[in-house]
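Colleague: Got a minute to go through this model with me? Please put it up.

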Amino acid sequence: MAALGFSAGNRTVLAEIDDSETASSFVAGFCNYHLRLTRGTLSGLLNPHYFAKGFLAKGVAIKGVAMEYRFLGKSGLQVSALSFGAWVTFQDQLDVDKAYQCMKTAFDAGVNFFDNAEVYAGGMAETIMGQVLKKAGWRRSDLVISTKIFWGGTPQGPGQPVKSGPNDRGLSRKHIIEGIDAALARLDLDYVDLIYCHRPDIDTPIEETVWAMNQVVQQGKALYWGTSEWSAAQIRRAYDIARREHLIPPTMEQPQYNMFSRDRVESEFAPLYDEIGLGTTIWSPLASGILTGKYNDGIPEGSRLSLKNYQWLRPELESEAGKAKVAKVKKLMPVAQELGCTMAQLAIAWCLTNDDVSTVITGASSPAQITENMAALKIAELLTPDVQERIEDILDNRPQGEQNWRGM
Ligand SMILES: NC(=O)c1ccc[n+]([C@@H]2O[C@H](COP(=O)([O-])OP(=O)(O)OC[C@H]3O[C@@H](n4cnc5c(N)ncnc54)[C@H](OP(=O)(O)O)[C@@H]3O)[C@@H](O)[C@H]2O)c1
């Protein structure tokens, strides 16, 4: 078994090859692809999905699924196209041992980015992730670890009740500086790779937040900073302030993105990808599980929507809008069946086909779900324009984008 890696365009593909003959076909396939690219005749093949498909069409067997690494916006950092996050699951469903099994399954599949936040399980999700990292002993340089600051964690230490004073939340300089120190203590790390402003804070001037984030990065406590669920206008304002003041600008945004929630990523943020080189680390690709089809006939015992602390998610399913979503999932399931995949794999693969998505942050309550979800990388190769059009017809929610009035 040999591991091979190639870069093309802004993508890197790694594959495990089982024998030398297959390895030489893989190399030949890559060279052929690269030659065609450099001649500029098939620039459409820059899309990594066609790239991988080219090899498959040649009958080259790639063992397992090759993880793909994408640049985080215009930064030099590469994140695995599929990543893994700790929301809901760490502490409420997964203790340290189970979290270790999940993170190991993800890591073994090539995942390098693990997402967290100070508020997840009141700080315990960071504590558990820190313990898993200790136990696993992976090289720090093989990992991209994040946290997010806004609602506070447990400044007093793991296991302590969350006490929330007026300065334990928001994006003031005080909470950002104290929040990152508390998060690093829980994670037992010297630095996180990514730090996010978990929401916009309308009570704090963006200038104050930009200066504080710049300070955190300059101090080496985080390597890149970004935002989560900020509007395009707020991100642009932060970027412009950073440029004006010669500070480090935001690199990435963490928005919700899935088959039901598309407007921000596909329409509102569109100018920012080129203009400021924004990367996106998207969340809830399965809409908390609705896109697996598991809620088609009610709420199964032990599923996320059955959990006591997450009853507030139930309107996502039980409202009229929720029922319309389930109806769409039922129509999408035959498409998944024809492609030979599960509904979860189809929904994750669909997110992967968007080139403006740097990484799809998956969530899972078991290693088996992770194994299933990682195989979505292979399914993304099957989403041809025809299949995509069928999906569009069912979803019927394509963002319109800007009107071109010249054609009127
Ligand atoms: N920035 C933000 O504001 C924000 C917000 C939310 C999430 N996030 C990040 O994004 C990550 C992913 O979000 P998410 O957990 O909501 O993702 P998701 O993919 O929408 O939902 C994951 C949940 O769906 C179920 N599931 C996953 N794979 C499955 C499969 N193959 N078959 C059946 N059920 C499956 C599991 O729940 P059950 O098994 O319990 O049903 C799992 O925990 C989070 O961990 C967090 O890091 C960020």
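Modeller: Here are the ligand shell, the barrel and the core.

Modeller: This is a predicted model; local features need pLDDT of at least 70, side-chain atom pairs count only at pLDDT 80 or more, and totals for chains, interfaces and linings use all residues. Residues are numbered from 1 along each chain as its sequence is written.

Colleague: How many residues surround the ligand, and which are the closest?

Modeller: There are 29, and the closest are G85, W283, L286, G289 and G363. A residue counts if its C-beta atom, placed from the backbone, lies within 6 Å of the ligand.

Colleague: What classes are in that shell?

Modeller: Ten nonpolar, 14 polar and five charged residues. Ala, Val, Leu, Ile, Met, Phe, Trp, Tyr, Cys and Pro count as nonpolar, Asp, Glu, Lys and Arg as charged, and the others, Gly among them, as polar.

Colleague: Which element supplies the largest share?

Modeller: α13, with three residues. Helices (H or I, at least four residues) and strands (E, at least two) are DSSP runs, numbered from the N terminus. β12 (359–362) and α13 (367–374) each supply at least two shell residues.

Colleague: Switching to the barrel. How many strands close it, and in what order?

Modeller: Eight, in the order β5-β6-β7-β8-β9-β10-β11-β12, with parallel pairing. Strands pair if DSSP finds at least two bridges between them.

Colleague: How many bridges join β6 to β7?

Modeller: Two, between residues 113–115 and 144–149. F113 stands opposite V144 in β7.

Colleague: And what does L352 touch?

Modeller: A81, V357, V360, A376, L377 and A380, leaving out residues up to four places away in sequence. Contact means C-beta atoms, placed from the backbone, within 7 Å.

Notes:
Two residues are in contact if their C-beta atoms, placed from the backbone, lie within 7 Å.
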